Amino acid sequence: MSEEIQPLSKKRRLSDSSADTEPEKTKLPRKEAKMQRAIASFALHPLSKYRRACPTYKEPHELLSFSYDNTRSIQMDDRELKYYYKPCISPPPSLFTGFSEQVRRDHTINEHIDGLTTALSHLHARSLKVDADFVMYRGMLTRIFVTPFSLREAWSMNATRIGKTVFIEDNVTEDKLAERLGSSETHRRMMYSGYKFEALSVIDAPPESLTPEQLQSKLSERLNTIVDTNSEYCSVFRTKLGSHSIISGAEVDCTDRSKPAEFPNRFYRELKTSRILDSEKAHMSFNRFKLLKFWAQSFIAGIPVVTVGFRDDEGRLVQVRDFKTREMPRMVRDKPRMWEANVCMNFADQLLQFIKQHVVAEGPDTQYRIKFDPGTAHVQLQLV
């Protein structure tokens, strides 16, 4: 990128209509800009066209990392990096404890991809190469990867080309905002249980650096930690899918050891929760849907292990199990109605090529909308 990278909020936010009047962070919801014309359409089906050898996916290489502190301010350091230490489940702790005391991030503030572009500005200031075909958070890549097997899930993204780079971000609609806020008390408790599991699984210092007494103290402290969803540690990395160079960012739950200088992703760990698998139907649903998203998220960021905490209907943590990312596709291979990793990767490769070919108008004043419509099974590209 020849020009210095600025956070999009300081240029023009991808979903803003006026760069001069919007504040640094934009409250939601807002009415979507009127669609003016469709440019192109990409047909998802037939899936057989993706059943071929996987395109090359380059191991992600971390460029830098940053933190959101408890005020949701960006700090260019690792202060929010946490360290994994397996939670005790005897007796089973409740993942609903502390629900009413939690500090929740304000999701009505649309942060766009400001954290990612701020990080890239720091790289640019250090004269490090930050060119890429695409810049987007991992969540957008995950959404693309899983689309062939998530046919009922509509999505939309915004795209802007600056130079050779296409910046992509979520298009936060009222429905998407409602999903983030939680549609019911039960839904909000389920969302909270994931954060609580994280709190019960991490400490704030490498375990190997602590004395037995210090370690025990931290393990006791985490039992009563108030969950604060503002705090977050993010890894910014470069990768390549087929011919498409990508710079992405991902929230990282924790690491297994002190962070090494090279390829720290090899020691990162994802933390997830699920209801206990107490029936054949539950096992099938877990493998078909949850495992797909676990794999895509972890594979994209080069994270080797996903630790899943299984809860019962009362919210008690009754089992903790590790899943290796590279083994997940084999777990569902040749099983009926399951996902296929090569289909996900080839679809993503072809869709990125489609976007690259059609998002051609350059500049912050030109915005595209990329939408997947489950009804037609097409990805539509529109000029906003």
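Let's start at one residue: Phe 267 has a relative accessibility of 28%, so it counts as partly exposed, since that label covers values between the 20% limit for buried and the 50% limit for exposed. Keep in mind as we go that this is a predicted model. You'll find Phe 267 in the loop that links strand S13 (254-255) to strand S14 (268-275). What does Phe 267 touch, if we skip residues up to four places away in sequence? The answer is Cys 254, Thr 255, Asp 256, Arg 257 and Pro 260. Take Arg 257 from that group: Phe 267 and Arg 257 are 10 residues apart in sequence, and their C-alpha atoms are 6.8 Å apart in space.

Now zoom out to the whole chain. It has eight helices and 18 strands. A compact globule of 384 residues would have a radius of gyration near 21 Å, and this chain comes out at 21 Å, so the two agree. If you drew a box around the C-alpha atoms along the principal axes, it would be roughly 60 × 50 × 40 Å. Of the 384 residues, 52% are buried. The accessible surface adds up to about 17,900 Å², and carbon and sulfur atoms supply 49% of that. As for charges, there are 58 positive and 51 negative ones, and the mean positions of these two sets lie 5 Å apart.

How does the chain meet itself? Look at contacts between residues with a separation of 6 or more: 74% of them join residues 24 or more positions apart.

Next comes the sheet. Strands of a sheet pair through backbone hydrogen bonds, and they can do so in a parallel or an antiparallel way. Here, 10 strands form an open sheet with mixed pairing, and the order across it is S2-S18-S17-S8-S9-S7-S12-S11-S3-S4. At its edges sit strand S2 (37-43) and S4, each of which pairs on one side only.

Let's walk in from the S4 edge. Strand S4 (residues 74-75) pairs with S3 over two bridges, in the antiparallel sense. One pair to look for is Tyr 68 with its bridge partner in S4, Ile 74. The two strands make a hairpin with five residues between them, and in that turn Arg 72 has a positive phi of about 65°. Strand S3 itself (residues 61-68) is mostly covered, with six of its eight residues buried. S3 also pairs with strand S11 (residues 232-241), running antiparallel to it and joined by seven bridges. In that pairing, Ser 65 has Ser 235 as its bridge partner in S11.

Further along the order you reach S8. Which of its residues are buried or exposed? Eight of its eight residues are buried. In a regular strand, side chains alternate between the two faces of the sheet. You can follow both faces of S8 here: Trp 155, Met 157, Ala 159 and Arg 161 lie on one side, Ser 156, Asn 158, Thr 160 and Ile 162 lie on the other, and all of them are buried.

Strand S8 (residues 155-162) has partners to trace too. With strand S17 (residues 368-373) it pairs in the antiparallel sense over five bridges. There, Trp 155 stands opposite Phe 372, and Ser 156 stands opposite Lys 371. With strand S9 (residues 165-170), S8 is also antiparallel, this time through six bridges. Asn 158 faces Glu 169 across that pairing. S8 and S9 form a hairpin with two residues between them, and Gly 163 in the turn has a positive phi of about 65°.

That turn brings us to Glu 362, which lies in the loop between helix H8 (341-358) and S17. Glu 362 counts as exposed because its relative accessibility is 54%, over the 50% cut-off. Leaving out residues up to four places away in sequence, Glu 362 touches Arg 161, Ile 162 and Gly 163. Glu 362 and Thr 160 are 202 residues apart in sequence, but 7.3 Å apart in space from C-alpha to C-alpha.

Finally, visit a helix. Thr 142 lies in helix H2 (residues 138-146). With a relative accessible area of 7%, Thr 142 is buried, because buried means under 20%. Setting aside neighbours within four places in sequence, Thr 142 is in contact with Ala 296, Gln 297 and Ile 300.

Technical notes. Residues numbered from 1 in each chain as written. Predicted model: local features only at pLDDT ≥ 70, side-chain atom pairs only at ≥ 80, totals over all residues. Heavy atoms only, no water. Helix = DSSP H or I, 4+ residues; strand = E, 2+ residues; numbered from the N terminus. Rg over C-alpha atoms; globule rule 2.2 N^0.38 Å. Buried < 20%, exposed > 50% of the residue type's maximum accessible area, 1.4 Å probe, protein only. Contact = heavy atoms within 4.5 Å. Areas by Shrake-Rupley, 256 points an atom, 1.4 Å probe, with all protein chains shown as cover. Lys, Arg positive; Asp, Glu negative; His and termini not counted. Charge placed at Lys NZ, Arg CZ, Asp CG, Glu CD. Pairing = 2+ DSSP bridges.
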